[in-house]
Structures are given as C-alpha cells and as structure tokens.
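Got your viewer open and your selection syntax warmed up? Let's take a short walk through some charged side-chain pairs.

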Amino acid sequence: MNKIKFWNRIARTYNENQERTAAEYDTLIDLMKKNIQINDSVLELATGTGTIAARIAPYCAHIEASDFSEVMIEKAKQKSNAKNLTFSIQDMTDLTYPENTFDVVIVVNGIHLVDDPQLVFRNIQRVLKSDGILIAPTFTTNGNLVKIPMRTLGFHVWTEKEYRQQFSKLWHVTACFPLPNAKNSTFLIARKKADKL
Ligand SMILES: C[S@@+](CC[C@H](N)C(=O)[O-])C[C@H]1O[C@@H](n2cnc3c(N)ncnc32)[C@H](O)[C@@H]1O
C-alpha cells in the first residue's frame, strides 16, 4: 500500500486514538505557545486531523495546516472555524510555498515517518524565514518493543540522541528534551544554520 493510502485509512479512526494522549497534547500546546508570537505566520506539516493547528490558531496571526492525506485534511477542516486557519494538501518532501514565507514551522510526530528527513529539512529551510524556528517533537524510544513493527512500516525508530543527530547538518538545536507526560516523545526546537540550503 502506498503511504498516502495508508494514512487515508488511518484517518478514519485517528481522532478516537488521539483522545488517549490528551495530556501529551496539552503539554505540547503549552510548550509551543511559549515559542510562538501573536504576529507569527505558522505552517504546520503533517497536521493529521488538525488538533494542534486548531489549538495554536488563537496564538498567532495565521496558521496553515497541511498534510499529504486528503482524508486527514477533510477531518481537520471539521475541527475549527478559526478565521486565521487555512488548509492545504502538501507533501512535506516537496512543499509548494514560496521561499521565506513562515516564521514558524511545526511538525509533530512526522519526521520519523519519512524515508529522507534531510529532504524534508531542505524543504522546511526554503519556506522558513532566516530567523524562523522549527518546532519538531517526534516519537523516540529507548526500548526495543516497538522497533520491529514500526520499522516494518518503513518508519525510523530513533533514540532521543539519534533524533537530535538528524539536525546536526542544517540546524542549531535550541531545545531537545523528553516531552513531559509522554512515554515516547522528544520535544525539539531548531533554528537554521546560515547559508546551508
Ligand atoms: C502520526 S500522524 C501525526 C498527526 C499530527 N501531527 C498529530 O500529532 O496529531 C502522522 C501524519 O503525517 C502525515 N504524513 C506522513 N508523511 C507525510 C508527508 N510526506 N507529507 C505530509 N504529511 C505526511 C500523515 O498523513 C499523518 O497525518
């Protein structure tokens, strides 16, 4: 099954599964709010059913919620009527936005899903303003239990240290720590290194 079909299928039950991690999302939103300004233009990649975009919208000038699964985006549109929240179908390995567009790019539980994270980073760096930030919490683990099934699905299974190393070429990592209230997640913020495109 191709990856878009896979995520379209997951989209049907994604909201129900999310309710089980409400505390994790509360913590994430609190941490993100501290790093976003009210005048910021924000892009969320891999938004899924749009929980984060809907909750960040009151704290920024504009947020665009994107995903490559059209079923996820349909579900996301039902979650909020915020005037400053827009939606787009975008593959984060091939973004179509003009360069230097966004103050903040958010991607939650997304980087470990793609074959080539560096390709995603180059896309993000192109659309991010020079002083912009990337907020990229993602699944990490120190245990072995989930490794085999996740790798079978084609996902990366990194420790926190391995995840941080993905950023070493193109980014200055300004925050990287285990997400409180979550068993398997690293919270990470990064800024562009100059002239690294
Ligand atoms: C685990 S879900 C996370 C959703 C949301 N960020 C959250 O934390 O609730 C992963 C999402 O990434 C999307 N995705 C995976 N690969 C993608 C790609 N290359 N471009 C855009 N979206 C992608 C999937 O469609 C899915 O909605």
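Start by selecting Arg55 and Asp26: their side chains form a salt bridge, with 3.0 Å between the closest N and O atoms. Now colour the helices and see what this pair ties together. Arg55 sits in helix 4 (residues 51-56) and Asp26 in helix 3 (residues 22-33), so the contact links distant parts of the chain, 29 residues apart. Keep in mind as you look around that this is a predicted model.

Switch on a surface for the same stop. Arg55 comes out as partly exposed at 33% relative accessibility, and Asp26 is partly exposed too, at 37%.

Stay on helix 3 and pick Asp30 and Lys33. Here you'll find another salt bridge, at 3.8 Å from N to O. How far apart are Asp30 and Lys33 along helix 3? They are 3 residues apart, which means about one helical turn separates them. Asp30 has a relative accessible area of 42%, making it partly exposed, while Lys33 counts as partly exposed at 30%.

Next, jump to helix 5 (residues 70-77) and select Glu74 and Lys77, which are 3 residues apart there, about one turn of the helix. Their closest N and O atoms are 3.7 Å apart, and the pair forms a salt bridge. Buried, exposed or partly exposed: which is Glu74? Glu74 is partly exposed, with a relative accessible area of 43%, and Lys77 is also partly exposed, at 42%.

Want to keep hunting? Searching the whole structure turns up 5 salt bridges, among them the Arg55 and Asp26 pair from your opening stop.

Note on methods. Residues numbered from 1 in each chain as written. Predicted model: local features only at pLDDT ≥ 70, side-chain atom pairs only at ≥ 80, totals over all residues. Heavy atoms only, no water. Salt bridge = Lys/Arg side-chain N within 4 Å of Asp/Glu carboxyl O. Helix = DSSP H or I, 4+ residues; strand = E, 2+ residues; numbered from the N terminus. Buried < 20%, exposed > 50% of the residue type's maximum accessible area, 1.4 Å probe, protein only.
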